[in-house]
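Work through the two exercises below with the sequence and the 3D structure at hand, and follow each solution step by step.

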Amino acid sequence: MKMLINVPETVVADALRGMAAAYPDLTVDVENRVIVRRDAPVAGQVALVSGGGSGHEPLHGGFVGPGMLSAACPGEVFTSPVPDQMARAAAAVDSGAGVLFVVKNYTGDVLNFDMAAELAEDEGIQVAKVLVNDDVAVTDSLYTAGRRGTGATLFVEKIAGAAAAEGQPLERVEAIGRQVNENSRSFGVALSACTTPAKGTPTFDLPDGELELGIGIHGEPGRERRAMMTSGEIADFAVNALLEDLPPRNPVLVLVNGMGATPLLELFGFNAEVQRVLREREVAVARTLVGNYVTSLDMAGASVTLCQVDEELLRLWDAPVKTPALRWGM
């Protein structure tokens with residue numbers, strides 16, 4: 001497999017150096033693997049910290065900036081960051097108003113963020129946590145006890161980040177983050193496997209002419225394999241799986257997310273089919289975002305995330321944000 005890298009051992013450090021050169025609004029500590037908004041800590045504001053294995057870009061480092069995350073901690077590819085990273089990030093961004101950890105539900109992330117919270121609290125930093133577990137495809141996967149955390153991470157980080165930017169207290173920012181997670185569901189589909197730099201070959205075998213329904217963002221197995229389906233058929237399956245799990249009572253935010261190797265031409269066409277299914281099911285759509293946001297290296301495929309929103313959550317979604325990967329209103 002050809003990759004645009006030097007050697008697998010330096011791929012994360014090289015990416016962080018490139019990110020630092022591209023975005024002067026960020027402070028990127030390449031050695032300690034911490035990305036911080038340059039103006040942190042911001043007086044009177046709760047700070048949001050997240051992180052996870054590299055390979056899902058722009059998640060999480062691409063979401064650091066005003067109106068979203070205060071800091072992010074990238075681990076090695078598909079490997080959780082370590083507690084010292086997270087504690088160091090919390091110390092760098094805490095203004096005294098507290099820190100909210102946004103944690104995807106993978107065993108390594110959960111354990112390490114728990115340890116980091118203890119380290120931070122030992123230093124006098126007040127810490128709260130939101131666990132993201134929005135994937136309806138399977139329960140108890142390769143790296144997970146319970147449901148996996150996927151596309152809803154973006155919704156939690158954006159909406160809770162907007163609440164923090166307004167100066168809302170830690171308890172309220174945490175409650176909003178939990179509400180967003182509880183209101184969100186995701187379902188992913190793989191058309192091809194991903195390839196990690198260290199391995200150099202696909203992480204699992206997906207024969208030509210087949211797809212995996214319910215794939216995880218590390219290539220974890222999904223619900224089932226089928227012969228290749230059309231975009232419309234995939235949208236029918238994915239959206240119906242979401243609505244069976246959480247029938248919407250309010251309008252929804254829609255994220256049509258690419259897994260890394262699917263071009264926007266296909267993602268926009270897939271979005272058209274997702275919107276068709278939602279119309280047929282009489283689901284009101286408040287906002288839609290299409291693109292590569294929570295990826296799996298070079299995997300071809302897509303995921304759909306729906307988040308029910310009331311007026312307050314929609315207002316916070318629309319609030320200004322300025323990060324490398326998400327920006328409007330500034």
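**Exercise 1.** Describe the interface of domain 1 and domain 2, beginning with the area that they bury between them.

*Solution.* Domain 1 and domain 2 bury about 3300 Å² between them, with 62% of it on carbon and sulfur atoms; buried area is the accessible area (1.4 Å probe) that two parts lose on being put together, summed over both. The model is a predicted one, in which local features need pLDDT of at least 70 and side-chain atom pairs count only at pLDDT 80 or more, whereas totals for chains, interfaces and linings use all residues. Residues are numbered from 1 along each chain as its sequence is written, and side-chain values use heavy atoms, with hydrogens and water left out.

Next, place the bounds: domain 1 covers 9–183 and domain 2 covers 184–318, as given by an automatic or database domain assignment. Their C-alpha centres are 22 Å apart, and 40 residues of domain 1 contact 40 residues of domain 2 (heavy atoms within 4.5 Å).

Then count the salt bridges, each a side-chain nitrogen of Lys or Arg within 4 Å of a carboxyl oxygen of Asp or Glu: there are 3 between the two domains.

**Exercise 2.** Decide whether Val-274 is buried or exposed, and list what Val-274 touches.

*Solution.* Val-274 counts as buried because its relative accessibility is 0%, where buried means under 20% relative accessible area, exposed over 50%, and partly exposed in between (1.4 Å probe, protein chains only). Leaving aside residues up to four places away in sequence, Val-274 touches Ala-235, Val-239, Val-254, Val-256 and Val-304.
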